[in-house]
Amino acid sequence: MKTTARISSFAGTALALGLSVAGAAQAQSHDHAAMQAQSRKADASKPVDHSKMDHSKMDHSAMPAPKQDQAATDHSGMDHSGMDQGNMDHSGMDHSGMKPAARPDAPSEPREPIPTPTEADRAAAFPPLSRHMQHASELNHYLLFNRLEAADVDHGSAQAWEAQGWIGNDTDRLWLRSEGERERGHTESADLEVLYGRAISPWWDVVVGARHDFLPRQSQSWAAIGVQGMSPYKFEIAATAYVGDSGRSALNFEAEYELLLTNRLILQPLIEVDLFGSDDPRRGIGSGLSTVEAGLRLRYEFTRRFAPYVGISRERAFGGTADYRRADGEDIDDTRVVAGLRVWF
């Protein structure tokens, strides 16, 4: 009987142990999702502690991306101070379609007055030279045939010239000026001036010297003084006063302008006025306003040194000079169509 009781006690113990193991296994297979939902429902009023949650095995690739309204997003509270810009890779970004945003404070008009150049601006404009500077020669020269032309006149043809040249430096020069005219194979007038020129400004020279008239008729010499240069608006001016024998005097004024129609096509108006202080019957010159010549020439510059031209020139005599010409059977008004060259060396 004792043996039977021991067997029954052992069997009961074994049955109890088996039931407890089976109960534990069943408890491990319970639905945790429902338990967590119940737990969240039960603890919804309490703050959740996320510090112990492990998100390393979560897969977000299958989750739909949320739509965000960029315009309505407020970035004012964002703090990027903790971002490491140096480790960002921007090589894949495409900015070709982006338009630069206009600065609200950017000026729409040029700034005036112009800011004073700084030392950095001067250094950028004038970099250090790798070679030594070379000064230009102190002695230079220039020769210009401003008019070297021909015209068809009554009873034949005519030729005329006007030339000037200088040799010297920027401030002191020896000037040579000459004008003349030939008709029907004979020289009607010719003169030569030899002048010393001194620069009194970047654009003006004072000239002093002598002039000799070879023709018309008897030759004569003059002492000369005057100014020449370029006035405002780029009018080239030459005004010279002359004093001759027996107290004779004369004044010559010449002005011309170059109007650029294109870079090579240039229209050149010119006017020249002669006045005399006294009558000179030997040369057919009256006192006062003697002659006025106006011309308009259109030239084409193949190069700056070589330019053919065509034009028209008109001269009219006044006062006593006109009376002398009428007495000699000459016209007091002469209009010519001219063609010629303008060259310089």
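This is a short tour of one predicted model, stop by stop.

**Before you start.** Residues are numbered from 1 along each chain as its sequence is written. In this predicted model, local features need pLDDT of at least 70, side-chain atom pairs count only at pLDDT 80 or more, and totals for chains, interfaces and linings use all residues, while side-chain values use heavy atoms and leave out hydrogens and water.

**Whole chain.** Show the whole chain and colour it by secondary structure: there are 4 helices and 13 strands. Helices (H or I, at least four residues) and strands (E, at least two) are DSSP runs, numbered from the N terminus. Of the 345 residues, 23% count as buried, where buried means under 20% relative accessible area, exposed over 50%, and partly exposed in between (1.4 Å probe, protein chains only). Switch on the surface: the accessible area of the chain is about 25,800 Å², and 59% of that belongs to carbon and sulfur atoms. Such areas come from the Shrake-Rupley method with a 1.4 Å probe; for residues, only the protein chains shown count as cover.

**Strands β11, β12 and β13.** Select residues 288-300, which are β11, and residues 306-317, which are β12. These strands run antiparallel and are joined by 9 bridges; two strands pair if DSSP finds at least two bridges between them. β11 and β12 form a hairpin, with 5 residues between them. To see one place where they face each other, pick Arg299, which stands opposite Tyr309 in β12. Now add residues 333-344, strand β13, which pairs with β12 in the antiparallel sense over 11 bridges. Here Glu315 has Asp334 in β13 as its bridge partner.

**Thr291.** Go back to β11 and select Thr291. Is Thr291 buried or exposed? Thr291 counts as buried because its relative accessibility is 9%. Show what surrounds Thr291: leaving out residues up to four places away in sequence, Thr291 touches (heavy atoms within 4.5 Å) residues including Glu272, Asp274, Glu315, Phe318 and Arg325.

**Glu193.** Move to strand β4, residues 186-199, and select Glu193. Glu193 is buried too, with a relative accessible area of 7%. Which side chain does the side chain of Glu193 meet in a polar contact? It is that of Tyr242, at 2.8 Å. A polar contact is a pair of N or O atoms within 3.5 Å; within protein, one must be able to donate a hydrogen and the other to accept it, and residues adjacent in sequence count only if both atoms are side-chain atoms. Besides Tyr242, the contacts of Glu193 beyond four places in sequence include Trp175, Arg177, Ala210 and Thr240.
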